Amino acid sequence: MQAFWNEKFQTNHFIYGEAPNNFIKENSDLLLQAKKVLCLGEGEGRNAIFLADKGLEVEALDASDVALFKLRKRAKEHYVFIKIRHTLLEYWQPDTLYDSVICTYLHLAKPYQKMLFEKSVEALAPQGYFIAEFFSESQIHFESGGPKDLTFLYDVNDILDTVTNLSCKILKLAQEVVTLNEGDKHIGRASVIRIILQKTA
Ligand SMILES: C[S@@+](CC[C@H](N)C(=O)[O-])C[C@H]1O[C@@H](n2cnc3c(N)ncnc32)[C@H](O)[C@@H]1O
């Protein structure tokens with residue numbers, strides 16, 4: 001898996017672009033209410049850099065050292081510090097609380113998707129936000145990017161089942177068709193799931 005992602009990121013350009021994901025940008029007011037944000041599966045750092053530029057204390061977790069090298073270099077160019085965790089999400093155990101956790105297009109296999117929501121909510125401070133965007137299973141019918149394997153796509157009802165049992169309010173959970181323009185890997189109409197949770201306790 002790490003080799004797969006390292007190979008994709010082994011290029012001079014930013015494969016998902018340098019601008020933040022639109023859904024993260026649109027909801028950045030929620031993130032800016034507090035200080036400390038964790039970006040899961042953050043890759044080359046487009047969201048992390050955007051949030052660090054806005055003065056947040058940012059931590060980025062990813063399995064790809066190639067992506068994280070690019071993130072670190074770009075952070076230096078922006079004169080911002082981003083704490084880096086080079087690990088698989090499967091090995092990560094939240095050891096501190098964050099005001100927000102964000103995640104865009106972290107393609108996990110079905111058995112690990114539940115773990116992503118559980119660990120993210122566990123890592124949130126009370127009232128903290130989890131904001132994320134994933135490709136839905138319907139993305140299999142689109143040619144705008146993402147895995148061509150249902151195992152790595154998300155089902156909105158599975159997410160609902162999981163998050164209903166967590167200590168959080170569901171502020172948004174919707175499957176939408178949007179137009180992506182993210183680097184050269186996410187281009188065109190796409191079926192995504194957008195989610196905002198708020199930790200309750
Ligand atoms: C499609 S890219 C998205 C990168 C970034 N979130 C963005 O939107 O630009 C998926 C990212 O998830 C990371 N990743 C995939 N599986 C992972 C895992 N099990 N643990 C940690 N990172 C993982 C990859 O290394 C890659 O950076």
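**The ligand and the cysteines**

Hi everyone, let's start right at the ligand: one of its nitrogen atoms is 2.8 Å from a polar side-chain atom of Glu90. That is a polar contact, a pair of N or O atoms within 3.5 Å. The protein covers 99% of the 590 Å² of accessible area that the ligand has on its own, by the Shrake-Rupley method with a 1.4 Å probe.

Before going on, please remember that this is a predicted model, where local features need pLDDT of at least 70 and side-chain atom pairs count only at pLDDT 80 or more, while totals for chains, interfaces and linings use all residues. Residues are numbered from 1 along each chain as its sequence is written, and side-chain values use heavy atoms, leaving out hydrogens and water.

Back to the ligand. Asp62 has a polar side-chain atom 2.6 Å from a ligand oxygen, and a polar backbone atom of Gly41 is 2.7 Å from a ligand nitrogen. In total, 20 residues surround the ligand, each with a heavy atom within 4 Å of it. The closest are Gly41, Arg46, Asp62, Leu89 and Thr104. By class, that shell has ten nonpolar, six polar and four charged residues.

Now, the cysteines. How many disulfides are there? The count is zero, where a disulfide means two cysteine sulfur atoms within 2.5 Å. For Cys39, the closest cysteine sulfur is in Cys103, 9.4 Å away, so it is too far for a bond. Cys168 also has its closest cysteine sulfur in Cys103, at 15 Å, again too far for a bond. Cys39 is buried, at 0% relative accessibility, and Cys168 is buried at 13%; buried means under 20% relative accessible area, with a 1.4 Å probe and protein chains only.

Key:
Polar contact = N/O pair within 3.5 Å; in protein donor to acceptor, adjacent residues only side chain to side chain. Nonpolar A, V, L, I, M, F, W, Y, C, P; charged D, E, K, R; others polar. Buried < 20%, exposed > 50% of the residue type's maximum accessible area, 1.4 Å probe, protein only.
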